[in-house]
Amino acid sequence: MKKLLTSFAAFTALTAAATAADLPRRAAPPVFVPVPVFTWTGAYFGINAGYGFDAGNDSNRYNLPAGSVLNSGATDGVLSVGNGNSNEGFVGGGQVGYNYQFTPGSGLVVGLEADAQYTDFSNRSRLYDASAVSFTGVQGPAGGADVRTPGRDMNFFGTVRGRVGYAFDRVLFYGTGGFAYGDGGTGRDDFRTGYTAGGGIEYAMPVDSFLNFFRSSAVTLKVEGLYVNLEQEGRGNRSVYNPATNVLSLSPSARETEFAVVRAGLNYKFGSY
């Protein structure tokens, strides 16, 4: 009897073990991998190209300082000509910068950017007869003269700007402004400084974008508009009046350089995802 019970217990144990072996194994729980949240934080560099055009409301107005040989009056005067001589043409260059986003995903973004631009701005000198010229607040030899306006050939400008914007995930709307510099288009030594302001929109493409040649954390595309004002070089006026021909030849420094730029850009961002 004891042997029978022992054999039955052994058989039961073997049967249970075999049944357990036949049961399907419980799969390991899946590992949860959170999807990274995009952030604009990081350094970047890139290129841009666009078009620039004269933005001054006074592109046909030239300053004539008081007390000069052209304006013997006690106050500054202004000379105006018809169909002002405008600057416009191709703009292209590169930029570097850094952004910081306070909250990944959507949130406030601040940054700093510097750029250097080649410009193809040029126009020719023009001669206006006295009937197309008007003088305001001018006394002396300038009144009633024919006027030759200067030609300009602007070759470069650059900016150092702050940026403030708001990101909606991979789309960033921003405003920008700061310091500007460039040549005034009057010669090799005509270096001017001023200011710039503008804004734009920027979109971050996926990391595996076909444009990501440098394996950066993101490739961004932007469209941007800037207003640039480069101040007149001092208040002096090197213009020359020729009484024999009754022609007043204006110097290029007689007015500020004002223009607007609309450009598209491509950036490679490095740093946080």
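**Charged pairs in a barrel**

Me: Does Asp115 count as buried or exposed?
Reply: The relative accessibility of Asp115 is 4%. The cut-offs are under 20% relative accessible area for buried, over 50% for exposed and partly exposed in between, with a 1.4 Å probe and protein chains only. So, at 4%, Asp115 counts as buried.

Me: What sort of model is this, and which atoms do side-chain values use?
Reply: It's a predicted model, where local features need pLDDT of at least 70 and side-chain atom pairs count only at pLDDT 80 or more, while totals for chains, interfaces and linings use all residues. Residues are numbered from 1 along each chain as its sequence is written, and with hydrogens and water left out, side-chain values use heavy atoms.

Me: Which residue does Asp115 form a salt bridge with?
Reply: A salt bridge here needs a side-chain nitrogen of Lys or Arg within 4 Å of a carboxyl oxygen of Asp or Glu. The partner of Asp115 sits 46 residues away in sequence, in strand β9, while Asp115 is in strand β5. Strands are DSSP runs of E, at least two residues long, numbered from the N terminus. With closest N and O atoms 3.2 Å apart, the partner is Arg161.

Me: How many bridges join β5 to β9?
Reply: Strand β5 covers residues 106–123 and β9 covers residues 152–168, and the two run antiparallel. One of the matches puts Gln117 opposite Phe157 in β9. Two strands pair if DSSP finds at least two bridges between them, and for β5 and β9 the count is 16.

Me: How many strands make up the closed barrel?
Reply: The barrel runs β1-β4-β5-β9-β10-β11-β12-β15, with antiparallel pairing. Counting along that order, the number of strands is 8.

Me: Which residue in β12 does Glu113 meet in a salt bridge?
Reply: Glu113 lies in strand β5 and its partner in strand β12 (residues 218–230), so the pair ties together parts that are 109 residues apart in sequence. Both of these residues are buried. The N to O distance is 3.2 Å, and the partner is Lys222.

Me: Which other residue meets Lys222 in a salt bridge?
Reply: This partner is buried, as is Lys222. The N to O distance is 3.7 Å, and the residue is Glu224.

Me: How many salt bridges does the whole structure have?
Reply: Some share partners, joining Glu113, Asp115, Arg161, Arg163, Glu202, Lys222, Glu224 and Arg263 into one network. Across the whole structure, a search finds a total of 9.

Key. Helix = DSSP H or I, 4+ residues; strand = E, 2+ residues; numbered from the N terminus.
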